[in-house]
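Work through the exercises below with the sequence and the model at hand. Each task is followed by a solution in steps.

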Amino acid sequence: MTTTPTTPSAPRTATARRATKETSIEVALVVDGTGAAEVRTGLPFFDHMVSQLGRHGGFDLTVVAQGDLEVDAHHTVEDVGIALGEVLAEALGDKAGIRRFGSVALPLDEALVEVALDLSGRPFLAYDIDFPPETNPLGSPPFDPQLAEEFWRAFATAAGVTLHVRLRTGKNTHHIVEASFKGVARALRDAVRVEGGGIPSTKGQL
């Protein structure tokens, strides 16, 4: 017997505005979208990475951010992660009927990254991708690949996601970072899919 996935009765969408002394961010998310993404943060490489979440997650995603890039990219990257996590949590609501779990081993040329996640409501990040201190930044203005971990920590905390990201093999920094973003996107695509009607937890809530 095969089951036909159901669709949510109400659109799963959310928007957020986040303003601090360091950044100003606007985010809009449609979970059941077409993969259309528009991302403008002032960091072209980071824009490319965040766009992967929309494209490969099947989300419609808009992110517009202004930050103190003259100081460092850290504030912008972290705050975008917080805002994205918040809109995902809001859009999913009580998470009724979702698959909840998602995992994938995603290759990009020589790089292979494993991702597993649980939309558990319990934020946790296990991130096992290490770059040597002398690793060159990517893009201009520069994106330090070490900041990818800060993005995922902010995202997982704000979204209430248990997230594991592990590098199995890889040498090219661009490939490794991109494989991690695509991997999380694909795992999220599976986890948010609606295929039932109840809360997928013995506790009765997530």
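**Exercise 1. The aromatic residues of helix 3**

Task: Decide whether Phe 155 is buried or exposed, and then describe its ring pairs.

Solution. The model is a predicted one.

Step 1. Phe 155 has a relative accessibility of 4%, so it counts as buried; the limit for that class is under 20%.

Step 2. Trp 152 and Phe 155 form an edge-to-face pair, because their ring centres lie 5.9 Å apart and their planes stand at 85°. An angle over 60 degrees is what the edge-to-face class requires.

Step 3. Trp 152 and Phe 155 are three residues apart in helix 3, so about one helical turn separates them. Trp 152 is buried, as is Phe 155.

Step 4. Over the whole structure, a search gives eight aromatic pairs. One of them is stacked: the rings of Phe 151 and Phe 155 have centres 6.3 Å apart and planes at 15°, so they fall into that class. Here the planes have to be under 30 degrees apart.

Step 5. Phe 151 and Phe 155 are both part of helix 3 (residues 147–159), with a spacing of four residues, about one turn of the helix. Phe 151 has 0% relative accessibility and therefore counts as buried.

Step 6. Ring pairs join Phe 151, Trp 152 and Phe 155 into a cluster that also includes Phe 45, Phe 46, Phe 143 and Phe 181.

**Exercise 2. The largest nonpolar core**

Task: How many residues has the largest nonpolar core, and which of them have the most contacts inside it?

Solution.

Step 1. The largest nonpolar core consists of 61 residues. Leu 84, Phe 151, Trp 152 and Leu 163 have the most contacts within it.

Step 2. Helix 4 (residues 173–191) is the element that gives the most to this core, namely nine residues.

Step 3. Take Leu 163 as an example. Leaving out residues up to four places away in sequence, Leu 163 touches Val 115, Ala 116, Leu 117, Phe 124, Leu 125, Ala 126, Trp 152, Ala 156 and Val 184.

Step 4. As background, nonpolar side chains tend to be buried together in soluble globular proteins.

**Exercise 3. The sheet of strands 5 to 8**

Task: In what order do the four strands of the sheet 5-6-8-7 lie, which strands are at its edges, and which helices pack on it?

Solution.

Step 1. The order 5-6-8-7 describes an open sheet of four strands with mixed pairing. Strand 5 (101–108) and strand 7 (124–128) are the edge strands, each pairing on one side only.

Step 2. On average, and with direction ignored, neighbouring strands of this sheet are turned by 10° against each other.

Step 3. Strand 6 (residues 111–118) pairs with strand 8 (residues 162–169) in the antiparallel sense, over seven bridges. Opposite Thr 162 in strand 8 stands Asp 118, and opposite His 164 in strand 8 stands Ala 116.

Step 4. Strand 7 and strand 8 run parallel and are joined by five bridges. Val 165 in strand 8 is the bridge partner of Tyr 127.

Step 5. Helix 3 packs on the sheet and touches strand 7 and strand 8, its direction making about 160° with that of strand 7. Helix 4 lies across strand 5, strand 6 and strand 8, at about 150° to strand 5.

**Exercise 4. The sheet of strands 1 to 4**

Task: Describe the sheet 1-2-4-3, and place Thr 23 in it.

Solution.

Step 1. Four strands in the order 1-2-4-3 make an open sheet, again with mixed pairing. Its edges are strand 1 (13–19) and strand 3 (37–40), which each pair on one side only. Neighbouring strands are turned by 0° on average, direction ignored.

Step 2. Strand 1 and strand 2 run antiparallel, joined by seven bridges. Arg 18 stands opposite Ile 25 in strand 2.

Step 3. Helix 1 (residues 44–57) packs on this sheet, touching strand 3 and strand 4 (60–67), and its direction makes about 155° with that of strand 3. Helix 2 (residues 74–92) lies across strand 1, strand 2 and strand 4, at about 35° to strand 2.

Step 4. Thr 23 belongs to strand 2 (residues 23–30). With 3% relative accessibility, Thr 23 counts as buried.

Step 5. The side chains of Thr 23 and Asp 79 make a polar contact of 2.6 Å. Not counting residues up to four places away in sequence, Thr 23 touches Asp 79 as well as Arg 18, Gln 66, Gly 67, His 75 and Thr 76.

Terms used
Residues numbered from 1 in each chain as written. Predicted model: local features only at pLDDT ≥ 70, side-chain atom pairs only at ≥ 80, totals over all residues. Heavy atoms only, no water. Core = buried A, V, L, I, M, F, W, Y, C linked by side-chain atoms within 4.5 Å. Buried < 20%, exposed > 50% of the residue type's maximum accessible area, 1.4 Å probe, protein only. Helix = DSSP H or I, 4+ residues; strand = E, 2+ residues; numbered from the N terminus. Contact = heavy atoms within 4.5 Å. Phe/Tyr/Trp six-rings, centres within 6.5 Å; stacked < 30°, edge-to-face > 60°. Pairing = 2+ DSSP bridges. Axes fitted to C-alpha atoms, helices over the stretch in contact; angles between N-to-C directions. Polar contact = N/O pair within 3.5 Å; in protein donor to acceptor, adjacent residues only side chain to side chain.
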